[in-house]
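Visitor: I'm new to this structure and would like a close look at a single part of it, the salt bridges. Could you walk me through them, and then show me what else is worth a stop along the way?

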Amino acid sequence: MSEEHTQLSQTLVALFHEAPLQTLEQNVDRALKIICHHLDCDAVFVLGGEPPTPSQTLYFHPQAPLTNGSDWALAGFPLFRRLLRTPQLLSCSDICLLPSHAKAEKQFLQYQGVQSLVLLPALAFGQSRIAVGAVCCRPRAWDRHFMAELHHAQALIGAAMELTRIAGALLDSERHYQELFNQLPLACGVLDNSNQLTMLNATAKANLPGEDTKDLFTRLSPEQHGMLQETLSVVRDGVLPQAFCELPVASRRQNSHWMKFTFSPMADSGNLVFVAENTDEQHRLANELSFQANYDALTGLPNRQCFEAILTRLVQQPGPAPVCIAFLDLDQFQVINDVSGHIAGDKLLCLVAMRLQQLVRKGDIVARIGGDEFAIVMHHCNPDSARVIAGRICHQLAAYEFNWQGREHSVSASIGLAAVPDDTPNIYTVMSQADAACHLAKEQGRNGWHYYDQQDPNMSRLYTEMLASVDILSALSRNQFELYFQLIEPLNKVRDGLHMEILLRLPRDNGEMLSPAIFLPAAERYNLAARIDRWVVDHLLAWAAGHPTQWQQMAMVSVNLSATSLADDDFMTWLELKLMSEPELVDRLCFEITETAAVRQLELAQRLCDMLKPLGCKLALDDFGSGFSSFAYLKELDVDFVKIDGQFISQLCDNDKDKAIVNSICQLGQNMAFETIAEFVETEAIGRELQAIGVTYGQGYSYDRPSALSQLESELKQVRSAG
């Protein structure tokens, strides 16, 4: 969007935001003038009201060759009356393109010198309905930027006109209340220990339904009772000196009105005094003007965008006032969605949002930043105070049982805390720290909190993985990963071609390599492993297609698959289709999965095996023996290779137990017709020992170090010369 269009939006927002309610309608003329000049039109007009008595407001550019007079009665033409009643876009770069039934309109506009016209679909704001249009005395194609800005201007004008109507209604209502209730515009009452209404003022009697009963709960629908009871308990138990809740209350006509009830204790009586406010208009207007941009539609809390804006302004303010933030993640929230449905999950999110607002201090800000994720900005808060607040939230949520249609669900949360340093370069650093602390709280058993400490090794690991996830996403989008390979040496088999394993490397912008020991665990933690596996397979086959001579010299090319990829149906479907589309290449591929993944996901491993075998691909078990599991699962998997875990290889020459384990695996391979590969062969002595035991292949620095796939040609020359 152009700078000019941005300026137009800002100007209109400022115009209607700063104007008093009583004068907002008067500013419609000013708004049309602004739109006309900024969007380079000869005239702009607003059609409003309802047929058969529609209204209109017009503005003519001073230099436009148009007739500015009362005969511009567009609202009186059938075409415009129909479009106001039945919303439909009318866009003509040439007036001649108007519908054939609009002869009168076409003749009028041509007589006035109009050559192009646009009229947006009518919008309804409460009881107000408007359509905004523009004309030019030259042929003009109304581009998407023009239409977007005109749409936005129409929304602002419509909201302003509705706001004017509401303001007038509110002023009339206020005068009415002042006359009837002796300057008391709010409904007030007293609630005793039995939740009975012992006193109501005249306003409450007139506006709260169910005047024949003293029980406040009977004025609400049964599903609202829990929320009201929670609010009353917070005040009666002394958790907070004041608490509020907003509830839909049924009126005498059975339609609901949003009421905000604010409860406070009465000194030494055990009773509660309450004030009830009608918040219908606030809810609706906030949604129309700015709610969608800054607030979560479900809970009414600030959203992530608003939260980040608040935090940014806060850290930019001068002064040493301490600030802490908290990231809160509901524990096992998906279980509630799965068992009781998403409606129940949404209800719980609303209850938690209300509860959090009651449990934080006055001035603290609670936001919803994700599905079941909340964030809190705590002003003037040191680490000790932040810990107290987090502990209180965890305790109160854990004490609450969520009931949905007779089914009880426990509720708890994991909270990560982080202090905002005075010299923080940006808010995202501290947000990442709070997020890492929240993850660690979950790892430590949930229903607890953790404060970020960069000296904590677990915290450092999580934070490093979070940063690595950013590097992974960047590398995927910018195609920065690099394929490496490491040769696999035959020990007890005649060389029939080149055997190698494909490895992945991630270079950083500073020239260093990010260790796979960092970015691969991060990929699995943040559900990026399937995307990485897809990148590897895709780019490996593309390389193979571009180097057919080298590929034909391969006997086996091993590719690792993550355990999380096996459970990703979209990835597995893609992999099968990809392999089927490259039949001349895939018979040299061998896919490796870890023994742990095979044991824990045996059905998924069998599914992979059933998919690979008909395509001519092979299957290998990696890190064999690391899980100390039963070998019974081997009967279910038709594996071609077993890679013996390096922990049994590194000390092979000096440890008889390692020799016995390796020997038993080799014997198992002979009996079950799979070949063995020893990993981490670092010395020639280990290689000779493996050859004597009967291991089929060896892999490690003793034979070859990982190299970029682009250097494979030189390796092939060495192999040919050695042969």
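Guide: Let's start with D587 and R588, whose side chains meet in a salt bridge, 3.3 Å from N to O. Keep in mind as you look that this is a predicted model. D587 is partly exposed, with a relative accessible area of 36%, whereas R588 counts as buried at 16%. A residue is called buried here when its relative accessible area is under 20%, so R588 makes the cut.

Now move to R495 and E489. Their side chains also meet in a salt bridge, with 3.0 Å between N and O. R495 has a relative accessible area of 38%, which makes it partly exposed, and E489 is partly exposed too, at 25%.

Next up is K493, which forms a salt bridge with E675; the closest N and O atoms of that pair are 2.7 Å apart. Have a look at where the two partners sit: K493 lies in the loop between β19 (482-490) and β20 (498-507), while E675 belongs to strand β26 (residues 675-678). The pair therefore ties together parts that are 182 residues apart in sequence. As for its surroundings, K493 counts as partly exposed, with 35% relative accessibility.

Some of these contacts come as a group. E501, E592, K643 and E679 are linked in a network of salt bridges. If you're wondering about the overall tally, a search of the whole structure turns up 20 salt bridges.

What about cysteines? The structure holds zero disulfides. Take C137: it is in no disulfide, and the nearest cysteine sulfur, belonging to C136, is 7.2 Å away. For a disulfide the two sulfur atoms would have to be within 2.5 Å, so C137 and C136 don't qualify. C137 counts as buried, at 16% relative accessibility. C438 is in no disulfide either; its nearest cysteine sulfur is that of C394, 9.6 Å away. With 5% relative accessibility, C438 counts as buried.

Let's swing over to some strands. Strand β11 (residues 272-278) pairs with strand β7 (residues 187-191) in the antiparallel sense, over five bridges. To find your way in, pick C188, whose bridge partner in β11 is V275. Strand β10 (residues 256-265) is joined to β11 as well, by seven bridges, and these two also run antiparallel. Here you can pick out M259, which stands opposite N278 in β11. While you're looking at strands, here's a handy rule: in a regular strand the side chains alternate between the two faces of the sheet.

Those strands lead us to a helix. Helix α7 (residues 225-236) has twelve residues. From its first C-alpha to its last, α7 reaches 16 Å, close to the 16 Å expected at 1.5 Å a residue. Quite a few of its residues are tucked away: M227, L228, E230, T231, L232, V234 and V235 are buried. What covers these buried residues of α7? The cover includes β7, β10 and β11, the strands we just visited, along with β9 (243-250) and α11 (342-359). Finally, follow the chain just past the end of α7 and you'll come to G238, which takes a positive phi of about 80°.

Technical notes:
Residues numbered from 1 in each chain as written. Predicted model: local features only at pLDDT ≥ 70, side-chain atom pairs only at ≥ 80, totals over all residues. Heavy atoms only, no water. Salt bridge = Lys/Arg side-chain N within 4 Å of Asp/Glu carboxyl O. Buried < 20%, exposed > 50% of the residue type's maximum accessible area, 1.4 Å probe, protein only. Helix = DSSP H or I, 4+ residues; strand = E, 2+ residues; numbered from the N terminus. Pairing = 2+ DSSP bridges. Expected span 1.5 Å × (residues − 1). Contact = heavy atoms within 4.5 Å.
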